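Open the model in your viewer and keep the selection panel within reach. We will go from stop to stop, picking a few residues each time.

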Amino acid sequence: MYPLIHALGASVLVACASAQTPPGTSPATNNPLTVNYGSTEVTPGIQLERMETSTIPTFAYQPSSPSQTYTLLMVDLSIPSTRVDPSALSPEQLPLAPGVSANRTTRLHFWQAGLTFSANGTLVNTTEPVAYYNGPMPPAGDIPHDYVFYLFVQEEGFTAPAEDSPFNVENVNEESSNRSSFNVRRFAEGEGVGELVAANYIVVQNPGAGASMSRGMAGPTATGGAVMPPSPSPFTGSAGKLGGQSVLGLTVLGSVMVLWG
């Protein structure tokens with residue numbers, strides 16, 4: 001059993017009235033997913049430095065049913081379509097998945113299925129992630145990128161991607177292009193995928209020549225970020241970097257190179 005998320009008491013988690021997903025994107029929800037990068041608590045659209053997001057964050061959520069199963073995604077909605085070679089993609093990745101705006105597509109950064117509650121109220125995962133965590137690495141000089149965390153209900157009938165799918169657990173963790181063009185809308189309509197119950201998102205930019213803020217409001221900027229989670233912490237397991245270290249209490253056999261995304 002690999003502890004991932006604690007259930008929060010109603011007195012701790014207050015309903016958020018603001019949108020928890022980038023404006024104009026779908027699927028969308030106003031229900032908050034608590035996300036912490038070290039001591040920095042994520043508010044929707046907060047801008048973080050790349051180094052602050054290099055290791056997997058901690059999560060917390062107030063469930064409506066202690067017997068429910070969930071699946072968690074992290075997706076970049078701001079990949080420039082011009083940087084994706086359609087000839088390197090499978091039919092499942094075409095046409096390019098819609099991103100945050102025109103000429104933008106997506107990239108899968110993390111996918112953990114099979115999240116359930118233990119007897120003591122901790123949300124835990126009993127399986128390896130479908131896609132191990134890859135921290136944000138947007139292209140130098142590009143606009144700020146939106147990285148969205150989606151928490152879906154996982155219903156009976158849900159199955160992991162087939163062996164020939166680019167998003168299969170082996171394929172997605174071995175070949176960088178297999179993370180490209182992940183269609184969140186299509187995923188949300190898939191068999192065994194239920195309601196989007198909570199979400200949150202961060203904004204990360206890679207400073208460089210020609211860096212632009214034309215994307216619009218990038219949200220507040222976080223300053224700093226400690227290595228250890230805050231106390232009390234909603235996370236009781238380990239969360240380490242990729243490359244032979246532990247991620248969510250699991251052993252990663254090798255690192256996955258991500259050139260951008």
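Helices (H or I, at least four residues) and strands (E, at least two) are DSSP runs, numbered from the N terminus. This is a predicted model, where local features need pLDDT of at least 70 and side-chain atom pairs count only at pLDDT 80 or more, while totals for chains, interfaces and linings use all residues. Residues are numbered from 1 along each chain as its sequence is written, and side-chain values use heavy atoms, with hydrogens and water left out.

**Stop 1: the whole chain.** Color by secondary structure, and you should find two helices and twelve strands. Along the sequence they follow the pattern β-β-β-β-β-β-β-β-β-α-α-β-β-β. Of the 261 residues in the chain, 52% are buried. Buried here means under 20% relative accessible area, exposed means over 50%, and partly exposed is in between (1.4 Å probe, protein chains only). The areas themselves come from the Shrake-Rupley method with a 1.4 Å probe, and for residues only the protein chains shown count as cover.

**Stop 2: strand E10.** Select residues 193-204, which form strand E10. Is this strand largely enclosed or not, and why? Eleven of its twelve residues are buried, so the rest of the structure largely encloses E10.

Now add its partners; two strands pair if DSSP finds at least two bridges between them. Strand E9 (residues 145-154) is antiparallel to E10, with nine bridges between them. One place to zoom in is Leu151, whose bridge partner in E10 is Ala198. Strand E4 (residues 46-48) runs parallel to E10 and is joined to it by three bridges. There, Ile46 stands opposite Ile202 of E10. While you are looking at side chains, recall that in a regular strand they alternate between the two faces of the sheet.

**Stop 3: Asn36.** Go to strand E2 (residues 34-37), where Asn36 lies. Asn36 counts as buried, because its relative accessibility is 5%. Then pick Thr58 as well: the two residues are 22 apart along the chain, yet their C-alpha atoms are separated by 5.1 Å.

**Stop 4: backbone oddities.** Most residues other than glycine have a negative phi, and most peptide bonds are trans. Here are some exceptions to select.

- Ser26 and Pro27 are joined by a cis peptide bond, with omega about 0 degrees; Pro27 sits in the loop between strand E1 (2-7) and E2.
- Leu94 and Pro95 are also joined by a cis peptide bond, with omega about -10 degrees; look for Pro95 in the loop between strand E6 (69-80) and strand E7 (104-117).
- Asn103, in the loop between E6 and E7, has a positive phi of about 65 degrees although it is not a glycine. Asn103 counts as exposed, at 64% relative accessibility.
- Ser181 has a positive phi of about 55 degrees, again without being a glycine. Ser181 is in the loop between H1 and H2 and counts as buried, at 2% relative accessibility.

**Stop 5: a charged patch.** Which residues form the negative surface patch? Select Glu92, Glu163, Asp164, Glu170, Glu174 and Glu175. Patch residues have over 30% relative accessible area and no salt bridge, and like charges are joined within 9 Å. A salt bridge would be a side-chain nitrogen of Lys or Arg within 4 Å of a carboxyl oxygen of Asp or Glu. End on Glu175, in the loop between helix H1 (169-174) and helix H2 (184-188). Glu175 is partly exposed, with a relative accessible area of 42%.

Note on methods: Patch = residues over 30% accessible without salt bridge, like charges linked within 9 Å, V, L, I, M, F, W, Y side chains within 5 Å. Lys, Arg positive; Asp, Glu negative; His and termini not counted. Charge placed at Lys NZ, Arg CZ, Asp CG, Glu CD.
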